[in-house]
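Q: Please take one part of this protein and look at it closely. I am a first-year student, so keep the steps short.

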Amino acid sequence: MKQVYNLFFLFLILVPGLVLAQGNTDPYQNRVIMKYYSHEELQTIESTMPGKFQQIKNYFIYSFTVTPIPCSSCAEADLSLIDIREYEAHRHEIRPITITDEVHGFKITLMSKAELGRLNEAPVNASQTGIRSALNFHVKKEISFPKRN
């Protein structure tokens, strides 16, 4: 298991431009989470419902990855502002999926609903990177959005 964790960590270091979800793993600093929850709401949830707080973090931070793709004519996108809810309709029950957004120049890979469920079942204080590697996060299908003319 430790070897898998080390290989996954090495993969993240070696793949330039890969953004794990929002890039900012602090939910209080994550601008997308702040669209849906106030600082006070997050504090209340964290102190009274740590499991729900972890689910919020898992969904908005760890349930997807974003990879920029080369594109000279793409509209520049701030990858830290990608709202996972805009892609949720594409999430599959049992397999991850990659969606290519050629308009904005990135690929987003969504964890399957089953993988997200297993992630949410993990202990609240577990290492997210270790959990993610243990989930065997492999892409099985891709979707592409064509460029706008």
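A: What follows starts with the whole chain, moves to one helix and its two partners, and ends with three single residues.

This is a predicted model. The protein chain holds 6 helices and 5 strands. Read from the N terminus, its elements run α-β-α-α-α-β-β-β-α-α-β. Of the 149 residues in the chain, 38% are buried. Now consider contacts with a separation of 6 or more: residues 24 or more positions apart account for 68% of them.

Now for the close look. The part in question is helix 4, which covers residues 50-62. Two packed helices are described by the angle between their axes and the distance between the axes. Both values are available for each partner.

Take helix 3 to begin with. Helix 3 spans residues 39-48. Its axis lies 5 Å from that of helix 4, and the two pack at an angle of about 125°. Angles over 145 degrees would count as roughly antiparallel, and 65 to 115 as roughly perpendicular. Helix 3 is therefore oblique to helix 4. Which residues meet here? Helix 3 brings Leu42, Ile45, Glu46 and Thr48. Helix 4 brings Pro50, Lys52, Phe53 and Ile56. Sorted by class, this contact has 5 nonpolar residues, 1 polar residue and 2 charged ones.

Next comes helix 5, residues 113-121. The axes of helix 4 and helix 5 come within 9 Å and cross at roughly 140°. Helix 4 and helix 5 are therefore oblique to each other. Their crossing is right-handed. On the helix 4 side, the contact uses Gln54, Gln55, Asn58, Tyr59 and Tyr62. On the helix 5 side, it uses Leu116, Leu119 and Asn120. By class, 4 of these residues are nonpolar and 4 are polar, with no charged residues.

Helix 4 leads on to a residue in a loop. Phe60 falls within residues 50-62 of helix 4, and Phe60 is touched by Asp83. Where is Asp83? It sits in the loop between strand 2 (64-68) and strand 3 (97-101). Is Asp83 buried or exposed? Its relative accessible area is 2%. Buried means under 20%, so Asp83 is buried. Setting aside residues up to four places away in sequence, Asp83 touches Val32, Lys35, Tyr36 and Phe60. With Tyr36 there is also a polar contact between side chains, at 2.3 Å.

The loop that holds Asp83 also holds Ile69. Ile69 has a relative accessibility of 21% and counts as partly exposed. What does Ile69 touch? Leaving aside neighbours within four places in sequence, its contacts are Thr100, Asp101, Glu102, Gly105, Phe106 and Lys107. Take Lys107 from that list. Lys107 is 38 residues from Ile69 along the chain, yet their C-alpha atoms are separated by 6.8 Å.

Thr100 is another contact of Ile69. Thr100 is found in strand 3. Its relative accessibility is 4%, so Thr100 counts as buried. The C-alpha atoms of Thr100 and Pro68 are separated by 9.6 Å, and the two residues are 32 apart along the chain.

To recap, helix 4 packs obliquely against helix 3 and is also oblique to helix 5. Its residue Phe60 is in contact with the buried Asp83.

How values were computed:
Residues are numbered from 1 along each chain as its sequence is written. This is a predicted model: local features need pLDDT of at least 70, side-chain atom pairs count only at pLDDT 80 or more; totals for chains, interfaces and linings use all residues. Side-chain values use heavy atoms; hydrogens and water are left out. Axes are lines fitted to C-alpha atoms, for helices over the stretch in contact, and angles run from 0 to 180 degrees between N-to-C directions. Helices (H or I, at least four residues) and strands (E, at least two) are DSSP runs, numbered from the N terminus. Angles under 35 degrees count as roughly parallel, over 145 as roughly antiparallel, 65 to 115 as roughly perpendicular and the rest as oblique. A crossing is left-handed if the near helix is turned anticlockwise from the far one by less than a right angle, and right-handed if clockwise. Contact means heavy atoms within 4.5 Å. Ala, Val, Leu, Ile, Met, Phe, Trp, Tyr, Cys and Pro count as nonpolar, Asp, Glu, Lys and Arg as charged, and the others, Gly among them, as polar. Buried means under 20% relative accessible area, exposed over 50%, partly exposed in between (1.4 Å probe, protein chains only). A polar contact is a pair of N or O atoms within 3.5 Å; within protein, one must be able to donate a hydrogen and the other to accept it, and residues adjacent in sequence count only if both atoms are side-chain atoms.
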